[in-house]
Structure formats: structure tokens, C-alpha cells
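Thanks for sharing this one. Please have the coordinates open while you read the points below.

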Amino acid sequence: DEADHSGLHHYDGGVVVRSGRWMYILDATGRRTGEYRASDEIRQIIPFGENTVILALYAKGMEIVDLGNGIFPMRVGRTDTLGRANALAISEDLLLIADGLVGLSLVDITDPTTPTLREQGITTEGRIEQVSASGRAVVVDEKGAGIGLLRATVETVTRQSALVADLAVLLVHLVDPATLLVVTEDEGIIYYDVSDLQMPVEWMR
């Protein structure tokens with residue numbers, strides 16, 4: 001199902017394209033300059049520094065890759081997780097991984113060459129396939145259990161509250177630490193004020 005998980009991701013030197021286990025690097029003109037084969041299917045790519053990206057690898061956790069000049073990308077560091085890595089977000093030096101039925105896995109990326117899986121994560125009643133972060137605010141889509149609102153610190157992530165579980169959620173995204181955008185199948189786009197993570201307030205749909 002490579003086509004289901006293919007996409008374009010911009011970085012400072014151009015664009016990277018993911019397809020299956022492969023990441024292709026294109027310059028600003030669209031010319032392919034390099035390629036990288038990951039250890040498993042790439043589910044998401046997010047930027048990490050000027051010319052570095054982090055890959056979510058479905059059954060192999062995550063990898064940090066230095067794109068360099070776009071010709072010879074090199075792996076900087078990697079670590080496994082216990083679940084199925086679907087999506088990534090960063091809060092300070094903490095990488096948050098939507099890890100399927102395992103929940104939200106936490107990886108310390110203070111030293112990119114030795115990313116370290118934290119023993120403590122966030123368990124869930126559903127399956128986490130989406131995560132978004134802005135500042136210390138974190139949101140996860142817990143399939144079958146609603147939308148979880150969390151707060152990240154240097155050491156860990158703690159659950160603050162949850163939104164209703166009866167929405168058919170397509171996308172969750174923190175526009176900024178105080179604004180949550182939720183795209184739903186039936187209700188369209190809903191905005192929440194999450195400046196107080198313990199008391200989210202719907203303000204527009």
C-alpha cells in the first residue's frame with residue numbers, strides 16, 4: 001500500500017518524497033538529487049533542524065536522517081518503539097510518536113545520535129494514529145476513545161482532559177498552543193480554545 005502512505009515534505013533545500021521504504025530528495029527545481037532507503041515503511045517525515053528530518057517507521061520506530069547537501073543522506077540515529085509508529089510531533093527535546101495500540105511513545109532527542117525511548121509513555125483506550133504539538137500543548141486522536149489533550153514537560157507528558165468520543169475525526173492539528181483545529185467527517189471543521197488544556201472550549205464550526 002505504498003500509494004496510501006506517499007507524500008511530499010518540504011525542507012530548507014527543496015522537497016523530500018516518501019514512498020514505501022524510500023525517501024527521494026528533490027532540489028528546488030524538482031530535480032532528484034538523492035535517495036535514502038529506510039529500515040521499514042515510512043509513515044511520516046517531519047523537519048528537525050535545517051537539513052535534518054525524522055522518519056516514522058511503521059514497525060521500526062524512528063530514524064533521524066541528515067540530508068546534507070541532498071546527494072548523500074545519512075542516518076544520524078534511530079531507536080525502536082513497542083508499537084506501530086504512524087505519526088510524529090516534537091515538543092522541545094521530546095519526540096512524541098503516535099504508536100498505535102501502545103499509545104503515545106516518548107523519545108528523548110537531546111542527542112540526535114542516541115535517541116532514547118523513555119520508559120514512561122501515555123497509554124490509551126483507543127489506537128493513536130495522529131499527534132500534534134505546539135509548545136507544551138499536545139493533542140492525540142485516540143480512535144474509539146475521543147481526542148486527548150496533554151501537556152508536555154522536559155521529563156514526561158501528562159493527560160489533561162479529553163474531547164467527545166463520537167466525532168468521526170479525520171485530522172487533529174494544534175495551530176498554536178491555544179488553538180486546536182479538528183477536521184471531522186460529519187461536522188466539518190471545528191475550532192477549540194485550548195489555552196486551558198483542562199477546560200477546552202469550542203468556539204467555531
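What follows is a short set of notes on one sheet and one glutamine.

1. A word on the source before anything else: this is a predicted model, so please read each point in that light.

2. Let's begin with the sheet. Four strands make up an open sheet, arranged in the order S17-S18-S19-S20 and paired antiparallel. The edges are taken by S17 (169–176) and S20 (201–204); each has a single partner strand, so one side of each has no neighbour in the sheet. From one strand to the next, the twist averages 30°.

3. The pairing of S17 with S18 is worth a look. S18 covers residues 179–184, runs antiparallel to S17, and is joined to S17 by six bridges. If you want a landmark here, find His 173, which stands opposite Leu 181 in S18.

4. Now for the glutamine. Gln 130 belongs to strand S13, which spans residues 127–134. Is Gln 130 buried or exposed? Its relative accessibility is 15%, and because the cut-off for buried is under 20%, Gln 130 counts as buried.

5. The side chain of Gln 130 has polar partners on the backbone. One of its polar atoms lies 3.0 Å from the backbone oxygen of Leu 170. The backbone nitrogen of Val 172 is likewise found 3.1 Å from a polar atom of that side chain.

6. Finally, the wider surroundings of Gln 130. Setting aside neighbours within four places in sequence, Gln 130 is in contact with Leu 170, Leu 171 and Val 172, and also with Ala 87, Ala 98, Val 139, Val 140, Asp 141 and Lys 143.

Key
Residues numbered from 1 in each chain as written. Predicted model: local features only at pLDDT ≥ 70, side-chain atom pairs only at ≥ 80, totals over all residues. Heavy atoms only, no water. Pairing = 2+ DSSP bridges. Helix = DSSP H or I, 4+ residues; strand = E, 2+ residues; numbered from the N terminus. Axes fitted to C-alpha atoms, helices over the stretch in contact; angles between N-to-C directions. Buried < 20%, exposed > 50% of the residue type's maximum accessible area, 1.4 Å probe, protein only. Polar contact = N/O pair within 3.5 Å; in protein donor to acceptor, adjacent residues only side chain to side chain. Contact = heavy atoms within 4.5 Å.
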